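Good morning, and thank you for joining this session. I would ask you to look at the sequence and the structure together while I speak.

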Amino acid sequence: VKNKAPAEVQITAEQLLREAKERELELLPPPPQQKITDVEELNDYKLRKRKTFEDNIRKNRTVISNWIKYAQWEESLKEIHRARSIYERALDVDYRNVTLWLKYAEMEMKNRQVNHARNIWDRAITTLPRVNQFWYKYTYMEEMLGNVAGSRQVFERWMEWQPEEQAWHSYINFELRYKEVDRARSIYERYILFSALQHLANCFFNILLLVIVHPDVKNWIKYARFEEKHSYFAHARKVYERAVEFFGEEHMDEHLYVAFAKFEENQKEFERVRVIYKYALDRIPKQDAQNLFKNYTIFEKKFGDRRGIEDIIVSKRRFQYEEEVKANPHNYDAWFDYLRLVESDADAETVREVYERAIANVPPIQEKRHWKRYIYLWINYALYEELEAKASKRTRQVYQACIELIPHKKFTFAKIWLLYAQFEIRQKNLPLARRALGTSIGKCPKNKLFKGYIELELQLREFDRCRKLYEKFLEFAPENCTSWIKFAELETILGDIDRARAIYELAISQPRLDMPEVLWKSYIDFEIEQEEYEKTRNLYRRLLQRTQHVKVWISFAQFELSAGKEESLLRCRQIYEEANKAMRNCEEKEERVMLLESWRNFEEEFGTDTTKERIVKLMPEKIKKRRKLQAEDGSDAGWEEYYDYIFPEDTANQPNLKLLAMAKLWKKQQQENEAAEVDPDKDIDESQS
């Protein structure tokens, strides 16, 4: 195929199927219709059909659909005796087929053969008594015939087989349709008694299986509502009480108590309702009592006072938090919410108990990220003991227990040590605070611990201790520039300039520093404050030996400008020239442009016309270029445009760039000539104007 491009008109699978359906390619023509004109042709047709059906049955006797089609065909010809014979032959083959019995009985009922239908239903329920459909259709047929006694007799035979609960309810509804309330009550009693006996039998049987099976409470509730519906309120209350006694405390269900409470609420027995709710809430597990809580809350909002409503809301939230922490004891956010609720409404002993339960859930893995939320449980516990309970001894015990629990060899929490030290200071126990911080530095030194300890000693004006701590700190972390700067600033404040300068010298001589530019800047600012300009220049020279960064050159030039002496402008200009020479070979042209722009700003403010003209000549030309891109796998990724700078000083040494500039000028002149040829009138008008 030469042209592999997609076709202009695309055809989908749906269109192909629709086109095939419209053309009807796979449809077979219907068979020809046969018209029967006399009896002989009819008998011949019957013979052929019966032979076909008999052959199908002979091939496979177990396919019941063949028997049913045969019988229905005979029924369509009003040959009921033949259809009955076929059904009987089919039952001999498979008497367990439910569909066969149903079709047989429906045929007899359709043809008003009531006694035959009764006979078939009796045979069906005798042969297959566990098929509920037979019983339902049998009782329905008798009831439609008006034979209520016969239907009741069939129900009684059905109940002897102890069927499922829907069968019992069907029997009860049957009696209620004929206003037989006493009979319905006796059926309920028999059903409830049967459920209880079944429960006891299951319990006895499942002792070996360690399983206890109990009946559903909805049957008791339906019985009680039946009594309530017919205004037998005393009987309904007795049913509820019997149900509570039957299930006991082992198998309590919230639905039973909710229904019992709503019944009493309808009877205006509010105290009984409150007792029922409280009794159930005290004994049912929290995860199974959500609906009970909801209904109790609604009841209190309707008939209770404000205190009762608050109590139920708080207890509901408490139960929710209990379930959350029980499901996941290491869900520390749930513990925080639970503790916040308990602190706002409970006594100190209850709060302490919840805190103890919370902190007992130590993270199973000794990694700091798993402990970050857990440690705040201890912090909140200590703050509660100190601020709310006013128990300083217990607060100290909490801090000490937390410190002992943390695996300091793997990680630590500086905030715990600092909070403990601050607590001891608030208790005016300075030796214990110093001992705690000293222990922390000895066991697990951290920057935050050193800073906190130094800040404490600074507040106490213990400068000798601060010097010792800074020395220990810098032995631990010599690359920390902030510590060197703070140490030098401390010596500067104390007036010991030589010590401060020695600290700076020691700092810049370190092989590794995290922020060397900050340290050098601080050292230079220190020398400028001391008005040691020669030392400052030496520092800049030493820094330029290490780095040729443009910001260092600019800062050096600005320093010379701010020195305030007569030769400051000359020195500043010399620095700029020296920087320009040093950065000619710099690959980062943007830095060189930054230097020239700073130099230009200096000349515009302090320079002469000659110097201004000179710096203008040094400014680069900004041009747009293209370069080829490559992907990670080495393939071509297209082209990109970028801006480049061409410096005049560099073009003097590169004749190719001069040739490029001349070519650009020639191209520009060509474009102007072409424009003049296209519109000469415009040029004449411009010349006249």
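I begin with a single residue: apart from neighbours within four places in sequence, R84 is in contact with Y104, M107, E108, Q113 and H116. R84 belongs to helix α4, which covers residues 80–93. Is R84 buried or exposed? Its relative accessibility is 13%, and because the cut-off for a buried residue is under 20%, R84 counts as buried. Please bear in mind throughout that this is a predicted model.

Let me now step back to the whole chain. The protein chain contains 36 helices and two strands. Of its 689 residues, 38% are buried. Among contacts with a separation of 6 or more, 47% join residues that are 24 or more positions apart. The chain exposes about 43,400 Å², and 50% of that area is supplied by carbon and sulfur atoms.

I turn next to one helix in more detail, namely α25, which runs over residues 463–476. How far apart are its end C-alpha atoms? With 14 residues at 1.5 Å a residue, the helix should span 20 Å, and the end C-alpha atoms are indeed 20 Å apart, so the two values agree.

Which residues of α25 are buried? They are C466, R467, L469, Y470, F473 and L474. Viewed down the axis of α25, these buried residues fall within an arc of 165°, and therefore they line one face of the helix. On the face turned away from this buried side, α25 carries the exposed residues D464, K468, K472 and E475.

What do the buried residues of α25 pack against? Their partners are four helices: α23 (430–443), α24 (447–459), α26 (481–493) and α27 (497–508).

Finally, I come to the open space in the model. Rolling a probe the size of a water molecule over the atoms shows where empty space is left. The largest pocket holds about 470 Å³ of space. Its lining consists of 18 residues, and those nearest the centre are E517, K521, L543, V552 and S555. Two or more lining residues come from each of α28 (516–529), α29 (533–546) and α30 (550–562). Which element gives the largest share of this lining? That element is α28, with seven residues.

To close, I would direct you once more to α25, with its buried residues along one face, and to the largest pocket, with α28 as the main contributor to its lining. Thank you for your attention.

Key
Residues are numbered from 1 along each chain as its sequence is written. This is a predicted model: local features need pLDDT of at least 70, side-chain atom pairs count only at pLDDT 80 or more; totals for chains, interfaces and linings use all residues. Side-chain values use heavy atoms; hydrogens and water are left out. The expected span of a helix is 1.5 Å times one less than its number of residues. Buried means under 20% relative accessible area, exposed over 50%, partly exposed in between (1.4 Å probe, protein chains only). The arc is that of the directions from the helix axis to the C-beta atoms. Contact means heavy atoms within 4.5 Å. Accessible areas come from the Shrake-Rupley method with a 1.4 Å probe; for residues, only the protein chains shown count as cover. On a 1 Å grid over the protein atoms alone, a cavity is a set of points where a 1.4 Å probe fits but cannot get out, and a pocket is an open set with protein on both sides within 12 Å along at least five of seven lines; lining residues have an atom within 4 Å of a point. Grid points are joined across faces, edges and corners, and a volume is the space filled by probe spheres set on the points.
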